[in-house]
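Work through the following exercises with the sequence and the 3D view side by side, and try each task before reading its solution.

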Amino acid sequence: MALNRKIAYIDLSTGEVETAPIPVMMRKLYLGGRGLDIYLLYNHLEPGVDPLGPENVLLVSAGLLAGTLASASARSHLAAKSPLTGFVGSTNMGGFFAPELRWAGFDHLVIKGKAESPVYLWVHDGEIEIEEASHLWGEDTFETQDLIRQEWGDPEVKVVCIGLAGERLVRFANVRTGLKNSGGRTGIGAVMGSKNLKAVAVRGTMDIEIEYPEEALKYNKEIIDKICSTKFAQIMQRWGTMFIYGATNSTGLIRCRNFQLNQLVGGNIECEHIDEYSIGTEGCFGCSIHCRHKYIIKDGPYAGVYAQGPEYTSQGAFGMEVGCNNFETILAGNYLVNKYGLDTLETGSMIAWAMELYEKGILTDKDTEGLKLEWGNDEAVLEMVERIAKRKGLGDILAEGPLRAIERIGEESRPYCIQVKGMSNLHSDERPTPSLALGIATASRGSDHLRSRPAIDLYHLPEALLKKIYGYPTPYDGPLSSDYTTYEGKPRQVQWHEMCYEAVDCLGICKFHTIFLSPNLLGFDEFSKLIYYNTGLEISPQEVWEIADRAYTLERLFNIREGLGREDDWLVDRYFDEPTPLGLEIARNKVLDREKFKQMIDEYYALHGWDEKGVPRPETLKRLGLDKEPSHML
Amino acid sequence: MQKILIVDHERCTGCRLCELVCSVKNAGVSNPSRARIHIIKWEMEGFELPMVCPQCEPAPCMAVCPVDALSRDGDLERVVIDYDLCIGCKLCVAACPFGGMGIDTVAKKVIKCELCDGDPTCVDFCQPQALQYVPAGTVNLRKKREAGLKFSELMRRFAGV
Amino acid sequence: MKETKKGKEGLGKVRCLNCFERFEVAPRAEIATCPSCGWEWRISWPNPKLAKIRGPVWEAWEKLQTRGE
Ligand code: SF4
Ligand SMILES: [Zn+2]
């Protein structure tokens with residue numbers, strides 16, 4: 001059945017490779033993907049180690065349903081201790097790598113130690129070899145993939161690799177596969193770089209058995225029809241996540257000029273502009289939404305460059321946050337970060353922060369070596385990307401990520417750094433939206449919108465519908481409100497989406513097909529059925545929730561073991577002290593209320609069964625079977 | 001009327017769902033290497049092309065088969081394999097100019113698209129409609145209509161018609 | 001072309017971001033005014049039957065905003 005994929009333990013220091021089956025019992029506890037990854041990380045990593053040292057453990061995995069008939073079953077997950085936050089490092093990406101890894105016979109690679117010189121892993125039909133990669137060191141993330149494919153004479157080889165940024169240990173270096181897909185957050189690329197691991201290449205031709213092929217086909221078709229009939233999917237099919245900007249910038253829910261403004265007035269960087277550059281759209285494996293554009297830059301220093309994307313996040317990074325109102329800058333910035341292997345979000349945020357410091361005189365021309373870091377200076381922004389990737393001058397400081405950069409620039413820079421747990425916030429302004437603010441404050445991997453963002457909170461959905469969604473699969477009869485500016489019921493929404501996205505990441509399907517941006521998409525019932533038809537495992541919607549709860553709580557335990565406390569689930573003062581200056585009335589003149597925010601966190605902890613310090617209570621651990629962790633079953 | 005499977009590569013998003021559903025439908029497993037349709041990609045150029053047996057007439061595979069295991073099924077206008085006769089010599093694989101005749105390495109037999117007995121699964125799942133199964137006589141008119149739409153769009157944009 | 005025969009089906013509906021009322025937009029319109037609150041929106045069309053808000057009409061936006069102050 002679809003479950004007979006293996007786990008491989010690879011020691012780069014000794015060159016030893018061992019493989020083992022994954023017992024069904026572990027599937028029932030953690031499914032796969034992000035769930036099993038956190039289990040493995042918790043069990044194989046010694047607390048307190050240097051994330052960039054050989055003791056860190058890197059996980060490369062595919063979700064339980066990757067490669068099966070579960071709409072967009074394309075997602076891979078990577079994990080390690082994060083060099084950016086020091087807490088759980090975790091990142092998820094689409095493309096074609098995860099199914100290929102499974103066709104090659106593996107679900108999880110546990111990579112330890114450090115190679116003496118650059119290497120890459122060659123995983124193919126049940127075999128794993130460690131290959132020399134000195135000739136690839138220094139190559140960008142596009143070339144690297146191509147060179148490996150040429151080496152094996154097989155254009156079907158799928159590669160996850162790092163670029164220059166990962167090699168230079170930029171703490172927010174990402175990992176990349178294909179032209180577009182990036183495992184961006186938490187600096188997993190730097191972990192690969194620290195291990196001298198340039199890439200993981202896979203090629204497989206082994207069957208993934210589908211337990212009930214006919215039913216799975218029928219059900220998958222049903223789901224695709226359902227997804228494609230939603231308005232949301234139709235917009236995504238045309239313009240990808242960039243469509244979000246239309247509504248959020250109109251309302252005043254974006255960040256502009258490093259959090260000084262909440263709207264790009266006169267903004268001219270909407271998704272519609274991509275039509276001028278696009279030569280079509282592309283999908284991840286098995287996906288009917290195909291949200292990424294293939295584009296060719298027309299003018300400027302990058303004229304003629306072919307790339308894919310960009311996403312909402314790059315609009316923020318190279319648009320509103322740095323005060324640029326030029327679509328081509330976004331296209332060029334997106335290309336550059338992808339080429340060098342940098343997290344687009346973190347890169348944009350670090351540059352925007354430096355720009356505000358420059359404006360305030362905390363950074364001077366001397367620090368920037370004459371580069372005018374002024375709002376809207378497109379050239380300076382793109383030049384800073386290069387400097388970060390190459391760790392040149394100020395770029396070397398910014399490459400260290402928010403917290404270490406504050407230490408080097410000085411305390412006076414701290415208030416302007418918009419981060420949680422040492423990771424920069426998405427380029428959206430959460431001051432008018434307590435639910436979204438709670439989500440980023442509490443997310444396990446640091447400030448993050450893909451851990452728990454209840455984006456549908458922005459839609460003013462009727463209360464009856466909210467009750468239906470959030471009262472299932474575990475009961476909830478507390479308050480819920482259609483008004484996104486209130487604090488009522490928001491902790492439940494955050495918890496619910498946390499569980500939903502955790503389940504999704506364990507299964508290896510795409511969040512955009514689930515209740516993320518539309519209430520009419522897949523939820524726990526559908527997850528349960530997909531698991532059954534594809535793998536034969538009978539796991540009820542309630543059990544899916546419980547698995548998600550277990551995995552999420554284990555992430556919490558991991559973070560606590562690394563020193564996390566309640567104070568880390570908090571936002572910077574600007575959220576509470578500086579009111580939003582722009583936007584529609586609903587979003588203007590808004591700050592978060594400290595007291596109410598504190599109460600939300602209390603309520604959120606209580607929903608999870610955590611005490612007021614955010615530590616899971618003994619009875620919670622018992623209920624989830626976590627009281628004996630680390631249990632070393634794998 | 002006789003129907004044919006047509007490929008419009010401009011619409012293809014390269015998702016490979018067709019490969020997946022083809023292998024599940026025909027082999028009961030997920031394994032594109034056992035599928036009868038494949039998406040050939042030039043990743044660095046952003047070009048993807050679905051490749052599948054075009055059911056040639058006359059068909060080179062039929063011509064070279066030494067034991068007449070390949071025959072034309074008149075109703076569906078397709079080439080089918082009779083596995084009772086097939087001796088596995090793979091001459092057809094060599095003769096096919098498109099790679100439409102393939103080898104299933106697990107089942108150890110030659111495979112080709114047989115149009116799912118008149119209801120191609122890939123077409124059913126291809127959301128952007130890069131794959132279509134349409135009456136042969138309407139193909140040219142459909143193409144003309146599509147081209148006409150593009151043309152009228154351009155006229156509107158540039159001539160204000 | 002299609003909408004000549006089917007007329008009404010070509011109409012898209014959008015939800016005003018200011019007052020959250022749904023309103024109809026004329027086919028292929030690039031600008032629409034919310035009948036309940038008067039905000040002017042730029043409109044785009046992901047497909048011929050689906051309208052979405054592209055952004056505010058910035059000139060009108062600045063006027064309205066200062067009035068609201
Ligand atoms: S299903 Fe359609 S869009 Fe997807 S790869 Fe196949 S032909 Fe292309
Ligand atoms: Zn209105």
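**Exercise 1. Peptide bonds and backbone angles in loops**

Task: Find Pro473(A) and state in which part of chain A it is found, then describe the peptide bond that joins Tyr472(A) to it.

Solution: Pro473(A) sits in the loop between α17 (463–470) and α18 of chain A. Turning to the bond before this proline, we find that Tyr472(A) and Pro473(A) are joined by a cis peptide bond, with omega at about 0°. Please keep in mind throughout that this is a predicted model, and that these angles are computed from its atoms.

A second bond can be treated in the same manner. The peptide bond that runs from Glu629(A) to Pro630(A) is cis, its omega being near 0°, and Pro630(A) has its place in the segment after α23 (618–623) of chain A.

To finish, look at Phe259(A), which is found in the loop between α9 (243–251) and β14 (278–282) of chain A. This residue has a positive phi of about 80°, although it is not a glycine.

**Exercise 2. Helix α18 and its crossing with α16**

Task: Determine how the axes of α16(A) and α18(A) are placed with respect to each other, and list the residues that make the contact.

Solution: Begin with the two helices themselves, α16 covering residues 434–442 of chain A and α18 covering residues 490–507 of chain A; their axes come within 9 Å and cross at roughly 55°. Because of that angle, α16(A) is oblique to α18(A). The crossing of α16(A) and α18(A) is, moreover, right-handed.

Next come the residues: α16(A) contributes Ser435(A), Leu438(A), Gly439(A) and Thr442(A), while α18(A) contributes Lys490(A), Pro491(A), Val494(A) and Glu498(A). Sorted by class, this contact of α16(A) with α18(A) has three nonpolar, three polar and two charged residues.

**Exercise 3. Helix α18 again, now with α22**

Task: Repeat the analysis for α18(A) and α22(A), giving the angle at which their axes cross.

Solution: Helix α22 of chain A spans residues 594–608, and its axis and that of α18(A) come within 8 Å, crossing at roughly 45°. It follows from this angle that α18(A) is oblique to α22(A). The handedness is the next step, and here α18(A) passes α22(A) in a right-handed crossing.

On the side of α18(A), the contact is made by Lys490(A), Pro491(A), Arg492(A), Val494(A), Gln495(A), Glu498(A) and Met499(A), and on the side of α22(A) by Met600(A), Glu603(A), Tyr604(A), Leu607(A) and His608(A). The classes in this contact of α18(A) with α22(A) are six nonpolar, two polar and four charged residues.

**Exercise 4. A salt bridge across the sequence**

Task: Which parts of chain A does the pair Glu562(A) and Lys81(A) tie together?

Solution: A search of the whole structure gives 61 salt bridges over all chains. One of them is formed where the side chains of Glu562(A) and Lys81(A) meet, at 2.7 Å from N to O. Glu562(A) lies in the loop between α20 (541–561) and α21 (574–577), whereas Lys81(A) lies in strand β4 (residues 76–81), so the pair ties together parts of chain A that are 481 residues apart in sequence.

**Exercise 5. Chain B and the surroundings of ligand 1**

Task: Describe how the elements of chain B run from the N terminus on, and then name the residues that surround ligand 1.

Solution: Chain B has five helices and nine strands, and from the N terminus on these elements run β-α-β-β-β-α-β-β-α-β-β-α-β-α. Taken along the principal axes, the C-alpha atoms of chain B fill a box of roughly 65 × 35 × 25 Å.

Around ligand 1 we find Cys12(B), Thr13(B), Gly14(B), Cys15(B), Arg16(B), Cys18(B), Ile39(B), Pro50(B), Cys126(B), Pro128(B), Ala130(B) and Leu131(B). Sorted by class, the shell around ligand 1 has nine nonpolar, two polar and one charged residues.

Conventions:
Residues are numbered from 1 along each chain as its sequence is written. Chains are lettered from A and ligands numbered from 1 in the order in which they are written. This is a predicted model: local features need pLDDT of at least 70, side-chain atom pairs count only at pLDDT 80 or more; totals for chains, interfaces and linings use all residues. Side-chain values use heavy atoms; hydrogens and water are left out. Axes are lines fitted to C-alpha atoms, for helices over the stretch in contact, and angles run from 0 to 180 degrees between N-to-C directions. Helices (H or I, at least four residues) and strands (E, at least two) are DSSP runs, numbered from the N terminus. Angles under 35 degrees count as roughly parallel, over 145 as roughly antiparallel, 65 to 115 as roughly perpendicular and the rest as oblique. A crossing is left-handed if the near helix is turned anticlockwise from the far one by less than a right angle, and right-handed if clockwise. Contact means heavy atoms within 4.5 Å. Ala, Val, Leu, Ile, Met, Phe, Trp, Tyr, Cys and Pro count as nonpolar, Asp, Glu, Lys and Arg as charged, and the others, Gly among them, as polar. A residue is near a molecule or strand if one of its heavy atoms lies within 4 Å of it. A salt bridge is a side-chain nitrogen of Lys or Arg within 4 Å of a carboxyl oxygen of Asp or Glu.
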